[in-house]
Structures are given as structure tokens and as C-alpha cells.
Amino acid sequence: MRIPLDWLGEYVQLPSGTGGAEVAAALVRVGLEEEGLHGGEVTGPLVVGRVLSKEPEEQKNGKTINWCSVDVAAANGTGEPQGIVCGAHNFEVGDLVVVVLPGAELPGGFAISARKTYGHVSAGMICAADELGLPDDGSGGIIRLADRLPGAQLEPGQDAIPLLGLDRETIEINVTPDRGYCFAIRGVAREFALSEGIAFTDPAADLLAAAPEANGDGHEVRVEDDAPLRDVVGCDRFVARVVRGVDVSAPTPGWMATRLTEAGMRPISLPVDVTNYVMLGLGQPLHAYDLATIEGPIVVRRARSGEKLKTLDGSERSLFPEDLLITDGGERGLGIAGVMGGFDSEVSDTTTDVLIEGAHFDPITVARSARRHKLPSEASKRFERGVDPALAPAAVELVVQLLVKFGGGTADAGVTDVKNSPAMPVISFDPALASRLVGMTYDDEQVARVLQDVGCTVDTGTTPWSVTPPTWRPDLHTGPDLVEEVARVVGYDQIPSILPTPPGGRGLTHGQQARRMVTNVLAAQGFCEIWSAPFASDERHEALGYPADAARARTVRIANPLSEEQPLMRISVLSTMVDALKRNVARGSKDVALFEQGLVIALDEPQQPAPSSPVGVLPAPELLDRIRAAVPPQPRHLGVLMTGEVARSGWWGNGRQADWSDAIAAVRGVAEALAVPVLVAADDVAPYHPGRCAKFTLSDGTLVGHAGELHPKVVQRLGLPDRTVGAEIDLDVLIGASDEPVASAPISTMPHASSDVALVVDRGVTAAAVETALREGAGPLLETIQLFDAYQGDQAGEGKKSLAYRMGFRAADRTLKTEEVNAARDAAVAAASKATGATQRT
């Protein structure tokens, strides 16, 4: 929000000598963040010029420039026309333009001098808006003053700095969502007065006093919201006035056009400029209709299924049943309430009678419509943050006064005011709460004074007090909200800073320590940690090969998604990680290894709606239990994705591509770091290749996750590199299994003995099953076991395969004898034979 300093000075008395920096500092003290200061950056001669000639010249590089002669009167010291080279083309001979002459300096320290270019000596520059630090006027090129300042009396050589407001300061602030009333000069002036401790006179008060009372002679308006959202009617106030005989071609006053420009809006026409000016000044969005295009009464209702509306931007939009419409007679749409008006009822060059709308719409209804139709507007930006419902009559009155004064119109005596606004809630407030929550002492008189300055009505007759917030503060609901107002107005800098004493203990919880260890292990292996937004879609689940019904049964749909293309919470970390992998590959990173620790939604049964509880009230234990029961399980998963080379190619020879074994090794490394033994077995689940997929389980059979090569169809549908590998495990399962302390085994100094054994098994028997049987049969002397060879061929037999293991034995207290090693080996082979049908290969 841009705040012209001289406009602010009309709403609150600025202390003598106050500049933009001082005003910005005062606003920061009450919580309004400064974005920048504008104005005063152009120095030197910047003047009005009239284009006398324009000669296009095509250059060798194909570019066409214009060699211009520009009349700047005596501004250049000679009175002779100025020769200027200009590359823009959106102006003609006779146009009044802005000319910067040699010796001037533009924003950013850009000094202007006469220089030779394109075969001419260019003595200055014809300026565009962005070159002067001004908002674009919509032309995208040279400023044409007749368009930017319609009706202004301009002459060549005239100083353009005050004309464009470049000598005046403008403060730019960031308005937080809970301070929507500061999207207006009125609201900012109120905050400045609070910060400086000076009086504030509400400009809306005189307008409300001057506004005529509602009567039965105004244009008929009906609110027929038969589908209220959250039991809240979409429109609780609608004020309508008619001004007849308006000269819509009348020029916008120069001072008004300048203020609009300084505030970042482009002057368009008198009716539009007046409504924008009042909106910026008071904070009430308004709309002007061509009365001749409206048939019958105005009816506010919800859109019908399949209904369409052509909006002011010329686009025909398909409406949704939750959209709130302004219609004539309940049939033809005149606009989407609070978002944008309709194309057919806009004020045109032939308009003479204008109907002014000042209404109050439900913030959530407006916000959802604006996002649904991708139509952010100045009106919706204000409505969705909360507009003062008592402001509409004052704003409409000011519009009527300005149209009568500058457009020559006559206001109808009829006034329509459909009012159904709920009363502001009364907050029961203990004044001692301010001192308790903030940690400094506030006396009751100080608390009452601050709340009254903010605009609240305070009844201090009993304790707790009864506090009624002002109509422009819909964000004040509870006692802590009022305490925040006391803290910010008295001053955040007054609150003492006391460092808390850290409690005793180990610091990180076991889960935090485990997650940090997992991160360190994978980072040490060359993986990069990422974060991906946890939103997915049915299309992504289908691309990953998940069964559609099963995936949908586990999915939670977001009530108000950031994107309609991703309306679901993810059920898999891999489903969102693939976007990061694709992005990196697309930008030239061919060898990529990524991991992410993130929450997923894992519904075990259909989701139950969570019960609601009043804000600021601790729910009863039974209600808390129901709320917790409605929250779906959200386990933390670890996802891994790899593509490209894990061992780089170079002059030393060929590298090695990442394969399924690397994904399995990554999971095993994580499990070993957490000291959790896991069992590995073959499996066939989406999104993995059926022959290159491993399942990880705990010793008790609890599923940990899967790893392997992604299915070729999944890779193709997602646009991933061939042979991409990945893994996804339930990290909470591993962390839970690692919670038991692990006793470290003493290191033996006795010699190590090894013995190899080759076993023939059916091809369907997994190496992990054979290894498990060998471990169980070998007994406590077995220290290590490793599969070092696997063979399938004629010598193994049809339908058979040979697995060779190297077994290492060691005793803690003695040197093992050959007989002991052979006995342990033979016991292992016997156990494997019994468990898997293995026979020893000779």
C-alpha cells in the first residue's frame, strides 16, 4: 500500500517538518512494516516537451529508432528545439511528453548527458514511467501527459517534477492480513495518530452526518442468499445511490489523478477514478454501474450451476454455486460480488446516469471466488481482509459529492440501504490480563485509554470489563487480542527482554536425535536434502501406479487448496519428490541423489469431520478427544530418489549408474545407523519394478518400507530419467524400534576364522531367507556373513540357483579350533537346509 504524504496530512495533523522517514518509523512502532520510501529521487531539469517531429530510422541491426525534435521552450537555456533519439513508438507528433535534459539525474543515480548515438547527438531523453520510478500507466512505453493527467493545463518547458508528484514523498507499507483497515489512508492515519499520541478525526464521521437517511424511493435491492457459507450471509449491507446527468467525459481533477498515480493506480475516467480515490482514502471498495443497462431491481444471490458471466476484463467465466453474484432482476449477472464487475453494465462513453454500489461482503466468500477465478483485485484484496460494514454510506456519499461537483450530475433523493450486519461481539476482558501475558505492568487507566484510542467502547463499571471492538476491527475477538493492542500501542520496545533459563536434560528428544542422525548419514553418502510441498492429485497417484480406489480411500481432500490442481494431501513422499528430481535434471544436473523426511497422511478408515470449538475457549476433555480422534494418522516417511552415476566416469574409465542396490544400501545404512536390524525380501508393489523391488521389515514382521528401481511405465508417465531408483520407508517405525538402548559388544583380540559355503536352492528362495537360516544355525560364534557369489546355470540345475556365503567366526576368550569352526558351519548348513531346502554344493 502506497501512502502519499500530503494525502495522509489531510487525515491527520502531521507535526511540522515531518518527512517520510519519520512517518515510516512511527508506523513501524505500531506494527506496520515499511517497504520503501519514494519521491525526491529525480534531480535536475525534468520538463514538459511537445514533439515537433518524429523521423523513424531503421538501423543495421534491424531496430528502428525515432529521431525527434522536441519543444522544451526555454528550459534548455536557448529556446531551441531539443534533438533526442528515442527507441519507443507509442507517441506521435504533437504529443506532450516528459523530457529529462542533460545535467539531470534519474532514480538509481543515472546521470543524463548529451551523447552521440545512432548517428545523432541526443540531448536528453523522452521518459517512460519506470525510468522515473513511477508505476506503469498501462502504455508500456513513453508517458503521454494528456493521458496520464487529463484536463491538466500543460505548456512546453513546464517543470514536470511537481506535475508527476516526484517532489512529494510516498511511503510504501506492507499490510498484514489482520490489519485490512490499513489498506486505506483513513486506517494508516489512525495508526499514525496512535503511534504519535495525537488526535485523530475520522473523515467518515462528517460524511455519515451528511449522508441522507435511507428511504423507500431508492433503486430496489434484494439480498437472496439461500446458500449461506458457514451460516453467514454473503452480503449483510448494500447501499445504492443514483446520480443522473453525469458527464463521464469530464476530466478527472489533476490533484486527484496525481494522488491516484502516487498511490500506484492509473487514472482512467472520472467515474472510475472517483470510486478508486474514495476506496484508497476510506477503504470501502465501490462500483459504478451504467443505470441504463440495469433492468429491474438489483438482486444479490448465489450463482447457479453452469451459469456464465463476462467480467470487465473481457473474459467469460464459468461460475460456481458458492460465487456470490450481483444481478438485475435475479437473472442477468452484473458482477462477482467483491471481486470484479460485469462487462455489460460498466460505465461507458454514452453513460449519463450512474448507480453507485457500496456493499459489505463476507470475506471468505470473496476470497474463495477471487482464487477460484484467478481474479485478484483491489476490491477483493480489501474485502477478504475485512472491510468496515459501517463505512458504506459514508463512502457512497463522498462518491456522490465528487460526481456532482466534477461531473455535473444531480443526486437522486432516493437512498437504498439494505442492512443486516450483525452487532460487534462484546468481549469480557480482565484488565489484569495485559500485565500477566506481556510481562510488564500496565495500570487499568492506561489499558482503558489504549483500547478507547484503538476505537473500542469500554465499560469499566464491573470487572471483568465489557469491551466492544470498533466495526473496522473484525480481528478482535478475545482478551488476548485486546492485550496485543495494548502491547503494540504502548510500544513493543517497552517490553523487557528476558532470556529464559534452559531446563535440565539432554536437549533433543530421541526422535529428534534419530532424525538428525539419519540426515547426517545420508548427507555423508552424497544425498541432498529437499523439502517438497505435501500436496498431490489423483493424476499423480495414477502416474505412480497406485490402485485408484485404494489411494483415494487413504487420501484427505483439502477444503481450501492453494491450487485446484493439487487438492489432496500426499500419501507418499515420493509422489512430491519427483518434481524436485525432474527440476534438477531439466536444469542440467544429470547425477542426482535426493532425500526428504516428511509427513504423509495415512487414513486407515474414512475420514471423520472434526467438531468445532469456540475461539478462545478451552474445549472440554470429551470434545478434545473427539477432535484428536478426527485427526488422521500422519507418520513421518523417509524418501530417497537417485538417477545418473554414483561412480563418475572419467579418464580412469567408465563409471557406474545408480541401480536398485544403491537404494537398498541407503535404507540399510539408515537402519544400521539407528542400530535396528531389518530383514530384506523381494516384493512387488507400486511404484517399483516387479523384479527389482525389496521389502524391509523388522524382526517381528512390522513393515518398514520398500526400495528398488521405479517401474518403466511410472518413469515414462512422470518424465523421469530411465532406470531411476528410489526408496520410501516409515521413519517412525525405525525410530520407535531404536528407542531401546543398545549395549556395545566388547572387541575380541582373538583370531578370526572364515569358512565358505555354497548352497543350491530353488530360484524362488531369497538370499535373505538363506542368510537368516545360516545365522540362526551357526550360533554365537558367527561374527560376520556375506553373500559373495550368486550363480544360475546348467551346473546349478534347472530351476535352481547357487548362493555362496563367506562366514566369519570368532570367540571372545580363545582361539577357535578347526573342529569348532566346521561344526558351527555344518550346523548353519543344516538349519538352512531345513528352512529353505538348501543343499550344499560340492
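In this predicted model, helix H23 (residues 767–778) offers a friendly starting point, since its length can be checked by simple arithmetic. At 1.5 Å a residue, its 12 residues should span 16 Å, and the C-alpha atoms at its two ends are indeed 16 Å apart, so expectation and model agree. Buried positions in H23 are Val-770, Ala-773, Leu-774, Gly-777 and Ala-778. Because these residues cover an arc of only 125° around the axis, they fall on the same side of H23. What do the buried residues of H23 pack against? Their partners are strand S39 (753–762), strand S40 (782–791), strand S41 (800–809) and helix H24 (818–836). Just after H23 comes Gly-779, which has a positive phi, near 85°.

Attention now turns to a sheet. Three strands, in the order S25-S27-S26, make up an open sheet with antiparallel pairing. Strand S25 (427–429) and strand S26 (457–459) each have a single partner strand and stand at the edges, so each has one side without a neighbour in the sheet. On average, and with direction ignored, neighbouring strands of this sheet are turned by 25° against each other. S25 and strand S27 (residues 465–468) run antiparallel and are joined by three bridges. A reader following the pairing by eye may begin at Ser-428, whose bridge partner in S27 is Ser-466.

Two helices accompany these strands. Helix H13 (residues 444–454) packs on the sheet and touches S25, S26 and S27, with its direction at about 20° to that of S27. Helix H14 (residues 479–490), for its part, lies across S25 and S27 and runs at about 65° to S25.

Aromatic side chains complete the picture. How many aromatic pairs does the structure hold? There are six aromatic pairs, and one of them joins Phe-361 and Phe-383. The centres of these two rings are 5.2 Å apart and the planes meet at 65°; an angle over 60 degrees counts as edge-to-face, so the pair is of that kind. Phe-361 belongs to strand S22 (residues 354–361) and Phe-383 to helix H10 (residues 378–383), so the pair ties together parts that are 22 residues apart in sequence. Are the two partners buried or exposed? Phe-361 is buried, having a relative accessible area of 1%, and Phe-383 also counts as buried, at 2% relative accessibility. Elsewhere in the aromatic inventory, Trp-7, Trp-255, Tyr-277 and Phe-406 form one cluster.

How values were computed. Residues numbered from 1 in each chain as written. Predicted model: local features only at pLDDT ≥ 70, side-chain atom pairs only at ≥ 80, totals over all residues. Heavy atoms only, no water. Helix = DSSP H or I, 4+ residues; strand = E, 2+ residues; numbered from the N terminus. Expected span 1.5 Å × (residues − 1). Buried < 20%, exposed > 50% of the residue type's maximum accessible area, 1.4 Å probe, protein only. Arc of directions from axis to C-beta. Contact = heavy atoms within 4.5 Å. Pairing = 2+ DSSP bridges. Axes fitted to C-alpha atoms, helices over the stretch in contact; angles between N-to-C directions. Phe/Tyr/Trp six-rings, centres within 6.5 Å; stacked < 30°, edge-to-face > 60°.
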